[in-house]
Amino acid sequence: MPGKRAPEGRPVRLAMVGIAHETNTYSDVPANLAAFEADGILRDAEIVALHETAQTTVAGFLEAGTAPGVEVVPLLYTSTGPCGTITSGAFEAIVGEMVALVRDRGPWDGVLLAQHGAAVSEAFPDADGEVAARVRALVGPDLPIGMALDMHGNVSHKMIEATTVTTIYRTNPHIDARVRARECADLIVRTARGEIAPVQHLETPPMLINIIKQYTGEEPMASVVADSIAVEAWPGILSTSVAEGYPYSDVVEMGMAFLAIADGDRGLAMRGSQWMAGRAWDQREAFIGDTPSPAEAIARAAAAPHGPVVIMDVGDNIGGGGPADSTYLLEIAVREGVRDYLQSAYDPVAVAACVAAGVGATVTLDIGGHTNERHGRPVRFTGMVRAITDGRWEDWRPTHGGQRFFEAGTMAVVEGAGNVTIVLTSRRCGNTSIEQMYSCGVRPERKQVVVAKGVVSPRPAYQPIAAEIILANTAGVTSADLDSFEYSHRRRPLFPFEADATWEWTG
Ligand SMILES: [Zn+2]
């Protein structure tokens, strides 16, 4: 069993485990054990190798272990997708191993959990809460547990009750994952040393923010984040967080959450989270989405005086569970003869055809639209195979979530008439790294219209070169049109679905 806190003078020894998954319960791609294994179930030194120099949550936890008198022991970390619900087989195998490792490799002074916050398994709609509760049951009520979450977590009271300190990214696109995890770990170290006594309070007003309003660099999220920073400066407050929530997980907790952690003062934590939540609630009308149609977006981008105009393919947000092969924008671009156009598409069959034909050959392909009919139909496209790469690259720039190493499977670049370029991948891959294009010789800067699959996550990659960014209301599993989803489990009332929803804070 994990032991008690380290006596004075000995290093604080923390276990680190995590299963990070953003579950799109509308996706029909299951998160089974094979999916986690394909993306890597990392143990011990494998975790260090992949994350130490990245900007991820895991990197922040590892960094905390470089402080004097602190040891962080990475045991197991895995993530996959985002895609559909985690199968019971995968959940029990992975979480079972996580818990066994914490049990067998102790004693510990604390446990760090690298979670996402929007995980759903077949048996546990609040899978992150279940993970935290199992670890809490193992280590007992006194050992500090820290959990670092993605800003898209649907944060539950179960998660907060089972943990001592929870922190959540404060940026979307997520460029502070490492920083927030480090903060979480540092608070756990101080708790283990008996310097602080964190108490958490969570407020979950019945509201959600549309995916297209979630960029923290603009209103309304800019002031929501500013409010949380203001509360963090209150005397006695240790940490504050805001979760935007993840609307494609059909669970009770779906929606926004406001968390404040005070040093020993429950009333202060409550006042802090209620102040943040109340301010956001008061401007809830500003969180409703409004986006141009795909045809309007393409027309505006093609007619803009300067390129590149980056169109976000909102309905095929790979970071949110999209299949990466939606063709709604491509179909319009090809039909309208749009010039100087660039996009990627997941299509392993088309990649194989390009490989068979070879660089320099002209190919006619039926691109994308193969996953399901919610994401359009295949688009016939003729062009020359310009390049074939192994689909691996490294990006040292800021990227969403801090990822540094990328793998899209074999990639093929096909160039058609009018300087139209399609980058085909053989794994489902979003556009969070501009190096994806550079690595295969494509210069997005020289295009008029660049499609990026995602909503906010491509911003670190494409904002530096974009003359303008347009969010297109494409259909799909991550559509901004939330009325197109059938919810069975969400809270009722929940704003904006029920416009007359009311809220009274707890406590
Ligand atoms: Zn996220």
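## Exercises on a predicted model

Strand E11 (residues 341-346) and E18 are joined by 2 bridges and pair in the parallel sense, where strands are DSSP runs of type E of at least two residues, numbered from the N terminus, and two strands pair if DSSP finds at least two bridges between them. Residues are numbered from 1 along each chain as its sequence is written. The model is predicted, and local features need pLDDT of at least 70, side-chain atom pairs count only at pLDDT 80 or more, and totals for chains, interfaces and linings use all residues.

**Exercise 1. Place strand E18 in its sheet and describe its surroundings.**

Step 1. The open sheet has 8 strands with mixed pairing, in the order E12-E13-E16-E17-E11-E18-E10-E19. Its edge strands, each pairing on one side only, are E12 (362-367) and E19 (468-472). From one strand to the next, the twist averages 35°.

Step 2. On the E11 side, Leu342 has Val450 of E18 as its bridge partner. E10 is joined to E18 by 5 bridges, and these two strands run parallel; here Asp313 stands opposite Lys453 of E18.

Step 3. In a regular strand the side chains alternate between the two faces of the sheet. In E18, Val449, Val451 and Lys453 point one way while Val450 and Ala452 point the other way, and all are buried, a residue being buried if 20 or more other C-beta atoms, placed from the backbone, lie within 10 Å of its own, exposed if 12 or fewer do, and partly exposed in between. Because 5 of the 5 residues of E18 are buried, this strand is largely enclosed by the rest of the structure.

**Exercise 2. Describe how strand E10 and helix H10 relate to edge strand E19.**

Step 1. Strand E10 (residues 309-313) runs parallel to E19 and is joined to it by 5 bridges, with Glu468 of E19 as the bridge partner of Val309.

Step 2. Helix H10 (residues 294-303) packs on the sheet and touches E10, E18 (449-453) and E19; helices are DSSP runs of type H or I with at least four residues, and contact between two residues requires their C-beta atoms, placed from the backbone, to lie within 7 Å. The direction of H10 makes about 165° with that of E19, with axes fitted as lines to C-alpha atoms, for helices over the stretch in contact, and angles between N-to-C directions running from 0 to 180 degrees.

**Exercise 3. What is the packing geometry of H10 and helix H11?**

Step 1. Two packed helices are described by the angle between their axes and the distance between the axes. H10 and H11 (residues 328-336) pack at about 55°, with their axes 10 Å apart.

Step 2. The two helices are therefore oblique to each other, since angles under 35 degrees count as roughly parallel, over 145 as roughly antiparallel, 65 to 115 as roughly perpendicular and the rest as oblique.

Step 3. The contact is made by Pro294, Ala295 and Ile298 of H10 and by Tyr328, Leu329, Ile332, Ala333 and Glu336 of H11.

**Exercise 4. Is Ile168 buried or exposed, and which residues does Ile168 touch?**

Step 1. Ile168 lies in strand E6 (residues 165-168). Ile168 counts as buried because it has 26 C-beta neighbours inside 10 Å.

Step 2. Leaving out residues up to four places away in sequence, Ile168 touches Leu149, Met151, Gly153, Arg180, Ser241, Val242, Ala243 and Leu259.
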